[in-house]
Each structure stands twice: as structure tokens, then as C-alpha cells.
Amino acid sequence: MIDIGYIIKLHRTKQNMTQEALSEGIVSLSYLSKIENQKAKANSEIIQALCNRLGIELTNIPDSNFEDKCKKWYDMLYDRFDKQEIITRYEELQNVMDKSINNQTIMFEIHKIRYYMILRDFQKALHKINELHEMADSFNSPHKYFWNKFQGNYYSFKGEHQQSLQCYKKAEKVHRSAEIEEEEIADLYYAISIQHSHLLNGLETINYAEKAMAEFQRKYNFIRCAQCHILLGISYQRIRMNDVALENYNQAMYLGKLNNEEQVIQLAYLNLGLFYFTTGNSKKSIENYELALKTTDLDYELRLDAITHLIHSFYKSNNWQKTKVYLRLGEEALNFTQDKGYHKFYSYVIKTYTHLLNGDLKNFKMVLADEFIPYLKQKKAYNYLVFYSRLLATHLEKMGKYKEAMKYYKVANESYDKIIKL
């Protein structure tokens with residue numbers, strides 16, 4: 001069992017007990033501090049006395065039944081179990097953990113990071129990361145694996161992809177000594193691939209997605225295979241291998257429909273919509289985006305992504321009626337995303353096309369020049385900078401404002417150069 005000084009500290013702080021109250025009559029205050037911070041090892045009598053005062057049992061003999069319950073709960077955090085069932089199982093285990101120190105204590109505390117993320121309570125997840133950080137040097141290999149992986153999950157959710165990748169790579173480094181199951185390693189490879197995709201590391205994305213898929217295929221986990229196909233499709237599309245990209249998107253769609261997996265089907269439609277949008281096939285792009293919008297429980301961010309692409313496509317084809325329909329749908333979706341980080345971006349897109357449709361070129365120019373383009377520069381969203389700078393430049397040129405138009409053509413070209421360098 002891990003040295004339990006830090007665990008003593010965890011139980012003490014959970015009970016809002018001061019060091020003075022815990023140490024009184026057992027050890028000196030300074031010695032307790034050393035025990036809690038792993039600077040001194042107390043004998044078994046002192047540890048037992050501290051546990052007694054905390055009202056917890058020190059268990060040295062493994063309880064296979066309880067360990068099985070813990071492992072089943074850990075597995076639930078990966079599968080799509082009902083959240084209420086996950087919470088109920090957690091509360092049952094926590095009641096036992098509050099009264100004892102056992103072989104699962106540390107692993108249970110580490111898995112709380114993932115548990116809080118499932119509940120979308122990122123503040124508690126970060127608090128747990130900070131709480132466990134000072135004892136991380138004492139972790140064994142399995143502890144280190146999940147500790148680093150779940151930190152990677154946290155930073156991924158927060159959009160800090162470089163930090164996330166660093167954590168995942170640390171997990172990868174210890175996975176062999178930790179004797180982690182192959183399907184769990186495949187999940188790690190998939191997570192690493194996603195971060196490389198966000199960072200536009202094309203070859204690394206493909207490498208890790210293929211490694212993940214090879215294991216998912218061996219386990220006949222076709223849903224996870226479909227997710228890998230989508231990731232591969234995105235990567236091959238970026239390097240202009242369009243035939244291979246389309247093949248992967250279609251394979252993802254096939255597996256999604258075969259397994260009646262709505263989320264995979266949604267992602268396949270959305271990525272096919274973008275594929276045809278970027279390759280100039282407006283008809284098929286519109287078809288796939290509209291099919292995506294007809295699926296159930298589509299996330300608002302994905303919904304807005306589909307809607308704004310449809311707005312552009314219909315505006316470009318002079319279908320004003322359809323443009324108005326999707327502008328209205330976009331405004332309705334925005335009402336439900338006021339507190340989301342992506343709200344501002346889609347709000348700018350909706351404003352831009354609303355002004356264009358109304359022929360209000362003055363406010364169109366004002367939104368793009370004074371707000372939207374500076375926002376995109378700040379976010380380093382170079383793909384969108386290319387598109388919206390060219391859109392503004394084109395309209396300025398039509399208005400006879402050639403000097404201003406050249407300014408935004410230059411912004412578009414500089415942004416494109418940065419994409420190429422990435």
C-alpha cells in the first residue's frame with residue numbers, strides 16, 4: 001500500500017479537522033505535518049491512533065468483493081451509463097471510503113477527476129487534481145497512468161491541447177509497467193490522436209488513430225472504430241487526400257447506421273457536409289448538413305456549425321428564402337448558448353449574414369472590421385480569418401474601396417501562409 005501520510009491529510013481535510021485537533025495527545029503538531037507531507041514515516045501505533053481519531057479503519061487485507069465494485073464503477077465512467085446510476089454507485093463507494101483506508105483509496109480518488117468531468121463539474125475536477133498533485137510522486141505505475149490520463153482529459157475539455165497532449169504522453173510512457181489493458185491503451189491512443197488533430201499534427205494524428213483502431217477492431221468495438229474513421233477522414237482531408245478522406249467518412253457512416261449509433265451518424269453527416277463544402281459540391285454539402293440537423297439531441301455547437309454552413313451555401317446560391325430560414329434557426333439556437341465559449345463566434349457569423357441579406361453594407365463592414373476579424377486574430381483562427389477577410393475584401397472591392405479591399409486581401413493571404421506553416 002502507498003505511504004498513507006497524504007491519505008491521512010485527505011481524510012482530515014474532508015472532515016474539516018485541524019492539525020491541532022488530530023494531533024492532540026498523539027503526536028506533536030510539527031510531527032503530524034511531517035507525516036502528512038511524507039517527510040516522516042510514523043510507526044503503526046501512531047497511524048492507528050490517527051485513524052481512530054478520524055473514525056476510519058486501516059485495512060491491510062484486500063477485500064476482493066469491494067475491489068470488484070470499485071472496478072465496475074471505474075468501467076462505468078467509460079461507458080454510456082445513466083448518470084444517475086453512476087452517481088448512486090459513487091455514493092455507495094464513497095460511504096465505505098469515508099470510513100476506511102484500503103487498497104482502492106488512491107485509485108478511487110484519482111477516478112474522481114473523471115467522475116466530476118462526466119458531471120461537467122470542472123471546478124471540482126480541478127480541485128481534485130490540485131488536491132492529489134502533492135502526493136503524485138508517491139503513486140505506483142497504475143496510479144500514474146490514470147492520474148496523467150485524467151489530467152489530459154481535463155485539459156482537453158478546457159481546450160488546452162498542448163497541455164493535454166503532454167499529460168497523455170506521460171500516461172503512454174508508463175502504460176507498460178502499469179500493465180494496462182489493451183482496449184484502455186487504445187482509448188489513450190485515440191485521445192492522443194485527437195490532441196494531435198487539434199494541434200494540426202497530421203501524420204501523428206493518423207499514426208495514433210490507426211493504432212487505436214487496430215485494437216478496437218480486435219475487440220469488435222465498431223463504434224470506436226467509427227470514431228477513428230472520422231478522425232482519419234479529417235486528417236486525410238487536411239492533406240488533400242480527398243478520396244481517402246471520403247472513404248473514411250463513408251465507413252464511419254456505415255458503422256454508425258449498422259450499430260444504430262446516433263452520435264456517430266451525426267458526426268459523419270457533419271463531416272461529410274464540411275467535406276463537400278470545402279470541395280465545392282454545394283448540393284451534397286447542403287444535403288448532409290440538413291440530415292445532421294434532423295438527427296436527435298444534436299449538440300448546440302454542432303447545430304450552429306451546420307446552420308452557419310447552410311446559411312453561407314444558400315446565400316452564395318442567391319436562395320434568400322432559405323438563407324432567412326436558417327438565420328432564424330441560428331438566432332434561436334444562440335438563445336440557448338449565452339454562457340458558452342463558442343457563442344460569440346456564431347453570433348458574429350449570424351450578424352454578418354443578417355447585414356448582408358438586408359443589404360446593410362455599412363453594419364456588415366463594421367461588424368467584420370471592428371469586431372469579428374480582430375476576434376479571429378486574437379483566437380488565431382486562421383482558417384476563418386482567410387474566409388471572412390476575403391468576404392469583406394470582396395464586398396469592399398465591389399463598393400469601389402480598393403485600398404481597404406487590398407488591406408483585407410493581405411490579411412487573408414497572411415493567414416493562409418500561417419496555415420501552411422502549421
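Helices and strands here are DSSP runs, with at least four residues for a helix and at least two for a strand, numbered from the N terminus. With that in hand, let's work through this predicted model in a few exercises.

**Exercise 1: Get the overall picture**

Find out how many helices and strands the chain has, and what share of its residues is buried.

Solution.
- Start by counting elements: the chain has 22 helices and 2 strands.
- Next, look at the extent. The C-alpha trace spans about 85 × 45 × 40 Å along its principal axes.
- Now for burial: of the 422 residues in the chain, 48% are buried.
- Finally, check the contacts with a separation of 6 or more: 59% of them are between residues 24 or more positions apart.

**Exercise 2: Look at an annotated stretch**

Work out what kind of secondary structure fills residues 266-299.

Solution.
- First, the record: an unreviewed UniProt entry carries the annotation "repeat: TPR" for residues 266-299.
- Then turn to the model. Over residues 266-299 the chain is 76% helix and 0% strand.
- To finish, compare the two ends of the stretch: their C-alpha atoms are 10 Å apart.

**Exercise 3: Explore the cavity**

Determine which helix gives the largest share of the lining of the largest cavity.

Solution.
- Begin with the count: the structure holds 1 cavity of 30 Å³ or more.
- The volume of the largest cavity is about 40 Å³.
- List the lining: Ile7, Leu10, His11, Lys14, Met97, Ser100, Thr105, Phe108 and Glu109.
- Sort the lining by helix. Both α1 (5-14) and α7 (105-118) supply at least two residues each.
- There's the solution: α1 gives the largest share, with 4 residues.
- As an extra, sort the lining by class, and you get 4 nonpolar, 3 polar and 2 charged residues.

**Exercise 4: Follow a glutamate**

Is glutamate 36 buried or exposed, and which side chains make polar contacts with the side chain of glutamate 36?

Solution.
- Locate glutamate 36 first: helix α3 (residues 29-36) holds it.
- Check the accessibility. Glutamate 36 has a relative accessible area of 0%, and the cut-off for buried is under 20%, so glutamate 36 counts as buried.
- Look for polar partners. The side chain of arginine 12 makes a polar contact of 2.7 Å with that of glutamate 36, and the side chain of glutamine 19 makes another at 2.9 Å.
- Widen the view: beyond four places in sequence, glutamate 36 touches Gly5, Tyr6, Ile8, Lys9, Arg12, Gln19 and Leu22.

**Exercise 5: Visit α10 and α11**

Find out which residues contact histidine 161, aspartate 187 and histidine 196, leaving out neighbours within four places in sequence.

Solution.
- Take histidine 161, which is in helix α10 (residues 161-178). Histidine 161 is buried at 17% relative accessible area.
- Contacts of histidine 161 are Ser156, Gln195, His198 and Leu199. With glutamine 195, histidine 161 shares a side-chain polar contact of 2.8 Å.
- Move on to aspartate 187 in helix α11 (residues 182-198). Aspartate 187 is buried too, at 14% relative accessibility.
- Aspartate 187 is in contact with Tyr78, Lys149, Phe216 and Arg224. Arginine 224 is 37 residues from aspartate 187 in sequence, yet their C-alpha atoms are 8.6 Å apart.
- End with histidine 196, also in helix α11, and buried with a relative accessible area of 8%.
- Histidine 196 touches Leu165, Asn201, Glu204, Thr205 and Tyr208. Between the C-alpha atoms of histidine 196 and alanine 209 there are 10.0 Å, with their places 13 residues apart in sequence.

**Exercise 6: Check two phi angles**

What is the sign of phi at arginine 120 and at arginine 240?

Solution.
- Start with the usual case: most residues other than glycine have a negative phi.
- Arginine 120 isn't a glycine, but has a positive phi of about 60 degrees. Arginine 120 sits in the loop between α7 and α8 (122-133), and is partly exposed at 49% relative accessibility.
- Arginine 240, again not a glycine, has a positive phi of about 65 degrees. Look for arginine 240 in the loop between α13 (222-238) and α14 (242-258), where its relative accessibility is 60%.
- Exposed means over 50%, so arginine 240 counts as exposed.

Note on methods: Residues numbered from 1 in each chain as written. Predicted model: local features only at pLDDT ≥ 70, side-chain atom pairs only at ≥ 80, totals over all residues. Heavy atoms only, no water. UniProt positions renumbered as here; feature names shortened; annotations may be inferred. 1 Å grid on protein atoms, 1.4 Å probe; cavity = no way out; pocket = protein on both sides within 12 Å on 5 of 7 lines; lining within 4 Å. Points joined across faces, edges and corners; volume = space filled by probe spheres on them. Nonpolar A, V, L, I, M, F, W, Y, C, P; charged D, E, K, R; others polar. Buried < 20%, exposed > 50% of the residue type's maximum accessible area, 1.4 Å probe, protein only. Polar contact = N/O pair within 3.5 Å; in protein donor to acceptor, adjacent residues only side chain to side chain. Contact = heavy atoms within 4.5 Å.
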